[in-house]
Amino acid sequence: ETEVRTNSNDLIIDNGFPVLNTFCRPKPGDKPATEIPQEDPVPRYPFASFPSALSIDNGQMEHVINDCNLAFSARTKEDSDAYSSGATYFIPAIMKPRCALEELAMNIFKTHTKGLEPGKDFDLERSGAEWWTL
């Protein structure tokens, strides 16, 4: 069943998971999109596994380990807490990665949006990848 999508900034949850929204701002003279049914372009599969997607050569490994050490902030969950503590990071889709971990997160984002049209299928200026280390 196709859900009706709007061009709002609301987070859309489908089957318990966030889904991609166009988040496109309407241009002057555009008709409201509230009644245009759209199927979400992501996720593309109910399950996907890419066992060969990550390969790090010996020359890159030192940079990746250093980035992990710098970014690591996870702490053990206290009994009274629902989640462990620590920082998460976000790289906007329009930003050039500054480290190996941002580059990895951006490559994952690009894999999920490959074949989609920025501005039509998603808003490039408001999209990106959240990442963290454990």
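Phe-109 and Phe-122 are both buried in this structure, which is a predicted model. Their rings have centres 5.8 Å apart and planes at 85°, so the two form an edge-to-face pair. Let's look at this pair and its partner, then turn to the cysteines and helix 1.

**Aromatic pairs**

- How many aromatic pairs does the structure hold? There are 2.
- In one of them, Tyr-89 and Trp-131 are stacked, with 4.6 Å from centre to centre and 25° between the planes.
- Tyr-89 belongs to strand 3 (residues 89–92) and Trp-131 to strand 4 (residues 128–131), so this pair ties together parts that are 42 residues apart in sequence.
- Is Trp-131 buried or exposed? Its relative accessibility is 10%, so Trp-131 counts as buried.
- Tyr-89 counts as partly exposed because its relative accessibility is 28%, and the range for that label runs from 20% to 50%.
- Back to the edge-to-face pair: its planes, at 85°, pass the cut-off of over 60 degrees for that name.
- Phe-109 sits in helix 2 (residues 100–113), while Phe-122 is in the loop between helix 2 and strand 4, so the pair links parts that are 13 residues apart in sequence.

**Cysteines**

- A disulfide is a covalent bond between the sulfur atoms of two cysteines.
- The count of disulfides here is 0.
- For Cys-68, the nearest cysteine sulfur is that of Cys-99, 9.0 Å away, whereas a disulfide needs the two sulfur atoms within 2.5 Å.
- Seen from the other side, Cys-99 is in no disulfide either, and its nearest cysteine sulfur is that of Cys-68.
- Cys-68 counts as partly exposed, because its relative accessibility is 28%.
- Cys-99 also counts as partly exposed, at 25% relative accessibility.

**Helix 1**

- Helix 1 covers residues 58–71, which makes 14 residues.
- From first C-alpha to last, helix 1 reaches 20 Å, close to the 20 Å expected at 1.5 Å a residue.
- At the N-terminal end, Asp-57 caps helix 1: one of its side-chain oxygens lies 3.0 Å from the backbone nitrogen of Gly-59.
- Which residues of helix 1 are buried? They are Val-64, Asp-67 and Ala-71.
- Viewed down the axis of helix 1, the buried residues fall within an arc of 65°, so they line one face of the helix.
- Strand 3, helix 2 and strand 4 are among the elements that cover these buried residues.
- On the face turned away from the buried side, helix 1 carries the exposed residues Asn-58, Glu-62, Asn-69 and Leu-70.

How values were computed:
Residues are numbered from 1 along each chain as its sequence is written. This is a predicted model: local features need pLDDT of at least 70, side-chain atom pairs count only at pLDDT 80 or more; totals for chains, interfaces and linings use all residues. Side-chain values use heavy atoms; hydrogens and water are left out. Rings of Phe, Tyr and Trp (its six-membered ring) pair if their centres lie within 6.5 Å; planes under 30 degrees apart count as stacked, over 60 as edge-to-face and the rest as tilted. Helices (H or I, at least four residues) and strands (E, at least two) are DSSP runs, numbered from the N terminus. Buried means under 20% relative accessible area, exposed over 50%, partly exposed in between (1.4 Å probe, protein chains only). The expected span of a helix is 1.5 Å times one less than its number of residues. The arc is that of the directions from the helix axis to the C-beta atoms. Contact means heavy atoms within 4.5 Å. A polar contact is a pair of N or O atoms within 3.5 Å; within protein, one must be able to donate a hydrogen and the other to accept it, and residues adjacent in sequence count only if both atoms are side-chain atoms.
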